[in-house]
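Here are a few quick notes to go with the model. Have a look at it first, then read on.

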Amino acid sequence: MSIRLSQIDKTYGNKGRGSKGRGSKGHGHKDDGRTRALEPIDLDIHDGELIGLLGPSGSGKTTLLRIVAGLEQADGGTIHFGEREVTHVHVRDRRIGFVFQHYALFRHMSVFDNVAFGLTAMPRSQRPSSGEIRTRVMQLLEMVRLQDFAERFPAQLSGGQQQRVSLARALALKPDVLLLDEPFGALDAKVRQELRRWLRHLHEELHFTSLFVTHDQEEALELSDRVVVMSNGRVEQIATPDTLYRQPANRFVFEFLGDVNRLEGDIEDEVLTCGNARVAVPGVEDGRRELLLRPHEIRLDDQPGPRAHLPVSVTAVVPVGAEVRIELEADWLGEPWLATISHADFERLAITRGKRLYAQPSRLHRFDTPRPQTLAPLSIS
Amino acid sequence: MIAQALTRRRERRVLPGFGLSLGVSLTFVSLVLLLPLTSLVGQLSQLSWSQYWFLITDPRLLASYTVTLLAAAVAALFNAVFGLLMAWVLVRYEFPGKRLVDALMDLPFALPTAVAGITLATLYSSNGWIGRLLEPLGISVSYTWIGIALAMAFTSIPFVVRTVQPVLEDLPAEVDEAAMTLGASDGLAFRRVILPYLWPALVTGTGLAFVRSLGEFGAVIFIAGGKPYETEITSLMIFVKLQEYDYAGASAVASIVLATSLALLLAINLWQGRFIKRLHGGRG
């Protein structure tokens with residue numbers, strides 16, 4: 001089922017947030033002391049799509065999700081599930097499945113009863129027979145690979161298992177839309193990875209339309225068909241993970257999606273100077289500018305290149321994983337740079353802490369122009 | 001060797017002050033709780049078993065047991081319902097004067113029970129403010145068991161409110177939101193999700209209120225009237241026996257009240273322990 005949001009916005013009054021005030025923190029302030037949680041937002045989600053809402057805390061992503069769920073009301077705008085308008089439909093009639101960050105399992109009920117809750121809560125006339133409920137619940141538990149745990153209580157399960165129960169519970173009523181609020185946020189890294197892969201499989205198998213909130217870039221990029229990047233109640237960019245990474249719409253998206261190194265200096269005749277560092281920047285006007293680059297866009301060498309003279313010294317080396325992560329410092333740098341290089345380069349240059357090297361940017365990005373620009377290629381190999 | 005033994009002994013407890021704090025606590029418990037109890041047992045020892053049995057099965061006393069138990073049960077049930085409602089209102093909603101209402105909840109604890117009794121008796125007597133309104137309806141509160149239950153409910157309602165309130169505050173909002181996303185109506189969500197959460201606290205609070213009501217004296221005697229066989233409560237019987245200098249008899253009745261209360265408190269504790277154990281999946 002497709003989801004269509006148009007012009008959804010939300011402003012919190014000073015008091016109107018209720019004693020529980022969950023879901024949203026921070027946000028930009030409006031002049032009258034009220035807090036703008038969401039600028040008017042339009043969003044089209046296609047049938048069967050898996051969409052990630054990504055943003056730092058306080059960006060309004062959870063508020064948006066809760067508005068789609070009907071747990072909070074928007075101030076204006078409309079929400080359609082397929083052709084059905086649900087803007088003012090109560091949460092219990094919206095036919096959504098919701099997975100909470102902290103599972104929100106009913107701790108006094110067995111796993112079986114938790115999953116069966118939605119089915120047993122139906123009015124008597126629509127409720128399936130207890131035999132049917134049993135079959136369905138066991139099916140769901142099998143799907144989340146917890147069929148042997150049906151009689152256990154939530155407290156007897158690990159976090160990952162509890163979240164799987166909560167997923168089975170949400171799917172029990174065959175919802176039109178599955179909404180997940182930081183579903184893996186409370187789990188440790190390994191379980192998280194496993195559950196992510198598993199959710200991806202489940203989604204491919206069942207093809208539900210799904211919207212999930214996360215503050216973890218990797219998670220969003222790995223799971224989503226498209227990612228909605230949000231900050232301060234605004235949508236910064238909606239794109240596929242690939243586009244998002246390669247063509248960030250603005251500086252916020254660029255910085256949020258990965259590690260970023262900053263280079264600030266005065267440009268004269270297409271050369272940027274900063275202390276004793278110099279680098280050619282073809283096509284950039286004179287003046288003081290800031291340029292950004294990713295860790296993998298730095299090459300290291302023991303001699304300055306013809307177009308870049310950026311002397312740095314190594315302060316830390318992490319030789320774990322596919323690449324070697326190296327921290328670089330120099331007196332012309334405000335904050336240290338992070339570079340990732342291949343193990344081959346690492347061995348060739350015999351890098352140790354304190355070694356002096358020259359950095360050569362292969363690309364530089366600038367976001368002070370109306371459209372982001374990339375300067376490449378810069379290095380001569 | 002000795003040095004080793006000493007260090008090992010010192011390592012056994014990390015938190016300091018165990019010996020001192022336990023010692024002071026035990027002394028205090030002995031002085032305030034156990035010593036009076038000993039004197040009670042001392043008084044009882046003057047009686048033979050048959051005398052004891054004869055005293056505690058006196059028909060007038062048996063009638064007082066019934067009155068006390070029934071009134072306390074009604075009061076406890078009343079408090080279970082209204083205490084839960086009070087706690088619910090105080091936790092779930094924001095309204096002007098909320099803090100004042102919250103503070104008022106403790107008033108029955110702060111108010112001398114005799115004052116409460118006199119006030120209630122005046123209000124509900126046939127020419128009191130409320131009694132005058134109830135009189136034409138054929139309901140008389142003062143000098144009936146209804147009045148006794150009322151006085152008991154008044155003095156014991158904080159037990160329910162104050163035990164349920166913190167548990168309700170801890171109840172994550174996500175839990176009833178989860179029930180709603182699963183299509184549960186408000187009533188169903190309350191019955192199947194919220195009430196089971198509160199159940200241990202509610203039962204404990206109600207149990208405490210009941211035990212407290214069993215021994216209530218000050219608030220009740222003014223409104224009860226003390227008609228033998230009808231509105232005499234057990235604690236009043238103790239008082240009557242004391243006034244007759246029948247210390248042994250008073251002790252006998254007191255031992256019954258004490259035993260009942262202790263048994264109930266113990267039962268509540270055991271039940272609660274089992275319930276909580278189940279919630280934590282048998283892991284304590």
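1. A word on terms before the helix and strand percentages below: helices here are DSSP runs of H or I with at least four residues, and strands are runs of E with at least two. Bear in mind, too, that this is a predicted model.

2. Chain B is easy to sum up by its secondary structure: 14 helices and zero strands. Reading from the N terminus, the element string is simply α-α-α-α-α-α-α-α-α-α-α-α-α-α.

3. What about the overall dimensions of chain B? Its radius of gyration is 24 Å, whereas a compact globule of 284 residues would come out near 19 Å. Along the principal axes, the C-alpha atoms of chain B fill a box of roughly 75 × 60 × 30 Å.

4. On packing, 32% of the 284 residues in chain B are buried. Of the chain B contacts with a separation of 6 or more, 77% join residues 24 or more positions apart.

5. UniProt, in an unreviewed entry, puts "domain: ABC transmembrane type-1" at residues 65–268 of chain B. That span is 79% helix and 0% strand, and its end C-alpha atoms sit 21 Å apart.

6. Which residues make the contact between the chains? Chain A puts in 25 residues and chain B 19 residues. On the side of chain A that touches chain B, the elements giving two or more residues are strand 6 (96–99) and helix 2 (111–120) of chain A. By class, that side of chain A has 14 nonpolar, five polar and six charged residues.

Technical notes. Residues numbered from 1 in each chain as written. Chains lettered and ligands numbered in written order. Predicted model: local features only at pLDDT ≥ 70, side-chain atom pairs only at ≥ 80, totals over all residues. Rg over C-alpha atoms; globule rule 2.2 N^0.38 Å. Buried ≥ 20, exposed ≤ 12 C-beta atoms within 10 Å, placed from the backbone. Contact = placed C-beta atoms within 7 Å. Nonpolar A, V, L, I, M, F, W, Y, C, P; charged D, E, K, R; others polar. UniProt positions renumbered as here; feature names shortened; annotations may be inferred.
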